[in-house]
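Visitor: I have a structure open on my screen and would like a guided look at how its parts fit together. Could you walk me through it?

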Amino acid sequence: MDTDRELQYGPGMRVQRLGEAAFLLAAIFSQDVRFAYVTFALTALQALSPRWVPIARVVARLVRFRGEHRIGDLYFDLRGVRGACVLSVVVQLIGLALVEAGQPVTGFMVLTVPTASFLMAPTLGFCAGCWFYVLGRDWLARHGWLKGGFDDFSDITVDGENPRHQPELRP
């Protein structure tokens, strides 16, 4: 099994994001912060390595990528995943700290931000953490503090042409 390919194009990462959102929703509606710690741990693992996704790996083993892609699979940027997860960890840490400091309403309101992003990523294809990461990376590159360019990406075709560099994909 090509793990990167399965995580890149298969349904595993979508299920991972929905699982993380489910734990945060359970925390918000039950007012039990322990559920949020599960999502915090899952996100922290991805901040260390975008391949440390236990839910996505299980799904990738059970449901293989069949070569058909979705419009949301335009590219895969491992640094983007890490950057988004680092930002999410920071926001979750602030929310959890507020809850533990005796400000549960404010803390759970802060936790709604990553919850919304975790719900939008697999359903709408928009990840707020990825957007903020790319925005910050571009700002740093424009100001000369970071080298511009792309790493760890791969495009897929959308217009129906057969990609020569990715024969396993069917338009």
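Visitor: Of the contacts between residues at least 6 apart in sequence, what share joins residues at least 24 apart?
Guide: Happy to help, and please keep in mind that this is a predicted model. Taking the contacts in the protein between residues at least 6 apart in sequence, the share that joins residues at least 24 apart is 71%.

Visitor: Which kinds of element make up the protein, and how many of each are there?
Guide: From the N terminus on, the elements run α-α-α-α-α-α-α. The count for the protein is therefore 7 helices and 0 strands.

Visitor: Which helix gives the most residues to the largest nonpolar core?
Guide: That core has 11 residues: Ala21, Leu24, Ala27, Ile28, Val33, Ala36, Leu96, Val99, Phe108, Leu111 and Phe118. Two or more residues come from each of helix H2 (12-30), helix H5 (78-100) and helix H6 (104-124). With 4 residues, the element that gives the most is H2.

Visitor: Which residues does Ile28 touch, not counting those up to four places away in sequence?
Guide: Ile28 is one of the residues of the largest nonpolar core. Setting aside residues up to four places away in sequence, Ile28 touches Phe108, Leu111, Thr112 and Thr115.

Visitor: How are H2 and H3 oriented to each other?
Guide: Their axes come within 7 Å and cross at roughly 150°, and the crossing is left-handed. Angles over 145 degrees fall in one class, so H2 and H3 are roughly antiparallel.

Visitor: How do the residues of the contact of H2 with H3 divide into nonpolar, polar and charged?
Guide: On the H2 side are Met13, Gln16, Arg17, Glu20, Phe23, Leu24, Ala26, Ala27 and Ser30, which meet Phe35, Ala36, Val38, Thr39, Leu42, Thr43 and Gln46 in H3. The residues of this contact divide into 9 nonpolar, 5 polar and 2 charged.

Visitor: Is Gln46 buried or exposed?
Guide: Gln46 lies in helix H3 (residues 34-48). Leaving aside neighbours within four places in sequence, Gln46 is in contact with Met13, Gln16, Arg17, Glu20, Trp52, Val53, Arg82 and Cys85. The cut-off for burial is under 20% relative accessible area. Because the relative accessible area of Gln46 is 0%, Gln46 is buried.

Visitor: And Gln31, what class of accessibility does Gln31 have?
Guide: Gln31 is found in the loop between H2 and H3, and has a positive phi of about 60° although it is not a glycine. With a relative accessibility of 46%, Gln31 counts as partly exposed.

Visitor: How are H2 and H4 oriented to each other?
Guide: H2 and helix H4 (residues 54-62) pack with their axes 8 Å apart, at an angle of about 140°. The crossing is right-handed. Since roughly antiparallel needs an angle over 145 degrees, H2 and H4 are oblique.

Visitor: How many residues of the contact of H2 with H4 are charged?
Guide: Gly12, Met13, Val15 and Gln16 of H2 make the contact with Pro54, Ile55, Ala56 and Val59 of H4. Of these residues, 6 are nonpolar and 2 polar, and the number charged is none.

Visitor: What separation lies between the C-alpha atoms of Ala60 and Leu7?
Guide: Ala60 has its place in helix H4 and, at 3% relative accessibility, counts as buried. Not counting residues up to four places away in sequence, Ala60 touches Met1 and Glu6. Ala60 and Leu7 are 53 residues apart along the chain, and their C-alpha atoms are separated by 6.9 Å.

Terms used:
Residues numbered from 1 in each chain as written. Predicted model: local features only at pLDDT ≥ 70, side-chain atom pairs only at ≥ 80, totals over all residues. Heavy atoms only, no water. Core = buried A, V, L, I, M, F, W, Y, C linked by side-chain atoms within 4.5 Å. Buried < 20%, exposed > 50% of the residue type's maximum accessible area, 1.4 Å probe, protein only. Contact = heavy atoms within 4.5 Å. Axes fitted to C-alpha atoms, helices over the stretch in contact; angles between N-to-C directions. Parallel < 35°, antiparallel > 145°, perpendicular 65-115°, else oblique. Left-handed = near helix turned anticlockwise from the far one by under 90°. Nonpolar A, V, L, I, M, F, W, Y, C, P; charged D, E, K, R; others polar.
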